[in-house]
Amino acid sequence: MDRYSNMLAAIKRPAAMERFTRLYGRREGALTTQLTRYTALVKAHQEAFHEEKAPLYLISAPGRTEIIGNHTDHNRGLVLAAAVNLDCLACVSPRSDSRVVLFSQGYPAVEIDVNELEARKEEEGTSAALVRGVARGMQDRGFRLGGFNAVVTSDVIGGSGLSSSAAYEVMVCAVFDALYNGFTVDSTARAQIAQYAENAYFGKPSGLMDQMACSTGGLVAIDFKDEPAVTPLSFSFQEAGYSLVVVNTGGSHDNLTAEYAAIRTEMEAVAGFFGKRVLRQVRPEQMMQSLPELRDQVGERAILRAMHFYQENARVKKMVCAIRENDMDTVLQCMIDSGESSWKLLQNIYPAGTEQPMALALELAKLKLTDGGAWRVHGGGFAGTTLNVVPNDLTDDFVQRMESVFGKKSCFVLDVRPEGAAIVLTSED
């Protein structure tokens, strides 16, 4: 049998079924969806490259959701995040030269040479920049590089708030690692390489939370005080009786850059009052004791946002303890309190103007989940997505209600994926 026949056969074996169930969950239709998706991807690689000798790899990196810890990472705070069972998936084969040829469905083809890794201004904002940046990040850390042929598909929809770019970066890093380094790059280094590509080559000054969650997998508490300290937590919302439902409210992110930037700037202005760079370096009691002078210098909103930072860090710690004790009532209350703090103190629900889709989505969730559940802003805020924890028996009704307001396919029903970047199958299996 040739490479493609081997891979197509491997996809249908019981071991692959178990692997798919682990990565994508047990919801009705999930297994059939992945069988169809994987088969189509292998056939797309065959059509594009007609590989006869080199082995084939199926490599996956998940999207992520922020469970709690809204706008804390950039001031070295605490975050609770999770990989989810949507992913960026590649069928790849190594090449004998230094060229990377990558076809990603819905995007222009990427072709780069890994011997030419200087950042290019004209590539900013493109997939090519991410591939070149990841390659450079790996080279700078002493990892080996080589060319590859790849076809990529992703159900981490861009603009969904589930970090499609981080999933893509982590997937590319995992490809270089699997083909040329024996899959030995640890999850933190992989996340840092992905962040470097996004910051230095793509041109987006992201924090590290997205890449860490995508790279590590599972539910993780991350402390950004110094080097990111990751604490894995064993937990499934689905097994606890709940679904994670992300609602895309359809609000536009256009012209919101200044509003996002102001959150970090104002938090750092409070820290600067005390001669520090970030809020994590300032004790909350220091701030409270200096409120009159601080108010004159930085204003009330900056103080309120700093209060959110300190309270949110405390909530992350409380929620980690609740998860370990299987205290679901406290888990849900922490998430609700996080959302209320984002709304009242952080103030990242209402953008300038009259459009307020996130506020509407949050209030609808609150009305719908009176008998149990949670709702909060998801990610940056102002526009975009909300995160809801919905009892399993109410999930279909909740989705129907939300999609009647925000449109078909505006809801993503998810669970925590236990693995980050992964080699799912090879043609040798």
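Visitor: At what angle do helix 10 (residues 291-298) and helix 11 (residues 300-324) pack, and how far apart are their axes?

Guide: In this predicted model, the angle is about 120° and the axes are 7 Å apart. Helices here are DSSP runs of H or I with at least four residues, strands are E runs with at least two, and both are numbered from the N terminus. Axes are lines fitted to C-alpha atoms, for helices over the stretch in contact, and angles run from 0 to 180 degrees between N-to-C directions.

Visitor: Why are helix 10 and helix 11 called oblique to each other?

Guide: Angles under 35 degrees count as roughly parallel, over 145 as roughly antiparallel, 65 to 115 as roughly perpendicular, and the rest as oblique. At about 120°, helix 10 and helix 11 are therefore oblique. L291, L294, R295 and V298 of helix 10 meet E300, A302 and I303 of helix 11, where contact means heavy atoms within 4.5 Å. By class, that contact has five nonpolar, no polar and two charged residues. Ala, Val, Leu, Ile, Met, Phe, Trp, Tyr, Cys and Pro count as nonpolar, Asp, Glu, Lys and Arg as charged, and the others, Gly among them, as polar.

Visitor: What makes helix 4 and helix 6 oblique to each other?

Guide: The axes of helix 4 (residues 127-140) and helix 6 (residues 187-202) cross at roughly 125° and come within 8 Å, and these two helices are therefore oblique as well. From helix 4 the contact draws on residues including A129, L130 and R132, and from helix 6 on residues including I193, Y196 and F202. The residues of this contact divide into nine nonpolar, two polar and four charged.

Visitor: How do you know that helix 7 (residues 209-216) is largely enclosed by the rest of the structure?

Guide: Buried means under 20% relative accessible area, with a 1.4 Å probe and protein chains only (over 50% is exposed, in between is partly exposed). Six of the eight residues of helix 7 meet that, so the helix is largely enclosed. The buried ones are M209, Q211, M212, A213, C214 and S215. Their cover includes strand 1 (57-68), strand 2 (78-94), helix 5 (164-180) and helix 6. After helix 7 comes G217, with a positive phi near 80°.

Visitor: Is L279 buried or exposed?

Guide: The relative accessible area of L279 is 0%, so L279 is buried. L279 sits in the loop between helix 8 (257-273) and helix 9 (284-289). Beyond residues up to four places away in sequence, L279 touches N75, M267, V270, A271, A306, F309 and Y310.

Visitor: Which strands are the edge strands of the open sheet, and what makes them so?

Guide: The four strands follow the order 9-10-8-11 with antiparallel pairing. Strand 9 (374-378) and strand 11 (411-414) are the edges, as each pairs on one side only. The twist averages 25° from one strand to the next.

Visitor: How many bridges join strand 9 to strand 10 (residues 385-391)?

Guide: Five bridges do, and pairing asks for at least two bridges found by DSSP. Within this pair, W375 stands opposite N388 of strand 10. Helix 13 (residues 357-368) lies across strand 9 and strand 10, at about 165° to strand 9.

Visitor: What should I keep in mind about these values?

Guide: Residues are numbered from 1 along each chain as its sequence is written, and side-chain values use heavy atoms, leaving out hydrogens and water. In this predicted model, local features need pLDDT of at least 70 and side-chain atom pairs count only at pLDDT 80 or more, while totals for chains, interfaces and linings use all residues.
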